[in-house]
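Reader: I would like a close look at one part of this model, namely a single residue and the open space beside which it sits. Please take me through the surroundings step by step, and then turn to any enclosed space elsewhere.

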Amino acid sequence: MEQYTVDAYIETRLREQQSYFSAKSAACKRKFRLYQTVVIVLGAIIPILVLLDQSKIIPNIWCGILTALMSAGISIIAGLEKISQPQTEWINYRRTGEMLKQEEALYRYEAGPYDNLPEDKKNKLFVQRIENIISNDVNNFVQSKTDNGITK
């Protein structure tokens, strides 16, 4: 059986996971901000349409239709946000990515749990702690989806 070095582990597994969490965090952040921007814009336009309807600048039918469509759009986005929870996932992915960075820094500077350990124990501890961070993230993700009734 081939022995992997810690450097190989860092360059393959750890970098892959750091990239994954960074990309997922950024995607969730974009999705959250998009949802919020659309809700804000639609919510701001609705009172204007009501005012235009009352002033008879635009025919009544169009103001009513546009107001209904925009209200429906806000409801749909609120539902999508409730299901996908992009803000929560953005924070969770970011937190896990930062934990991976912190663990690598502790390892490289032989600080915290890595202080005064022999090289082989330090390396094993590092891999165990990285894998625990990843495993905890997966468990938290599954738990959050179960708690919200998504996987039931």
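Author: What follows looks at one serine, then at a pocket, and lastly at a cavity. The model is predicted, and the residue to start from is S25, whose place is in helix α1, a helix that covers residues 6–55. S25 has a relative accessible area of 6%, and because the cut-off for a buried residue is under 20%, S25 counts as buried. Leaving aside residues up to four places away in sequence, S25 touches W90, Y93 and R94.

S25 is also one of the residues that line the second largest pocket, where W90, Y93 and R94 appear again. The other residues of this lining are Q18, F21, S22, A26, K29, G97, E98 and K101, and the elements that give two or more residues to the lining are α1 and α3. The space in this pocket comes to about 160 Å³, and by character its lining divides into four nonpolar, four polar and four charged residues.

As for enclosed space, the structure holds one cavity of 30 Å³ or more, and the largest cavity has a volume of about 90 Å³. Y93, which S25 touches, is among the residues that line this cavity, together with Q85, T88, E89, N92, D137, N140, F141 and S144. Here α3 (86–108) and α4 (119–147) each supply at least two residues of the lining, which divides into two nonpolar, five polar and two charged residues. Y93 thus belongs to the lining of the second largest pocket and also to that of the largest cavity.

Note on methods:
Residues are numbered from 1 along each chain as its sequence is written. This is a predicted model: local features need pLDDT of at least 70, side-chain atom pairs count only at pLDDT 80 or more; totals for chains, interfaces and linings use all residues. Side-chain values use heavy atoms; hydrogens and water are left out. Helices (H or I, at least four residues) and strands (E, at least two) are DSSP runs, numbered from the N terminus. Buried means under 20% relative accessible area, exposed over 50%, partly exposed in between (1.4 Å probe, protein chains only). Contact means heavy atoms within 4.5 Å. On a 1 Å grid over the protein atoms alone, a cavity is a set of points where a 1.4 Å probe fits but cannot get out, and a pocket is an open set with protein on both sides within 12 Å along at least five of seven lines; lining residues have an atom within 4 Å of a point. Grid points are joined across faces, edges and corners, and a volume is the space filled by probe spheres set on the points. Ala, Val, Leu, Ile, Met, Phe, Trp, Tyr, Cys and Pro count as nonpolar, Asp, Glu, Lys and Arg as charged, and the others, Gly among them, as polar.
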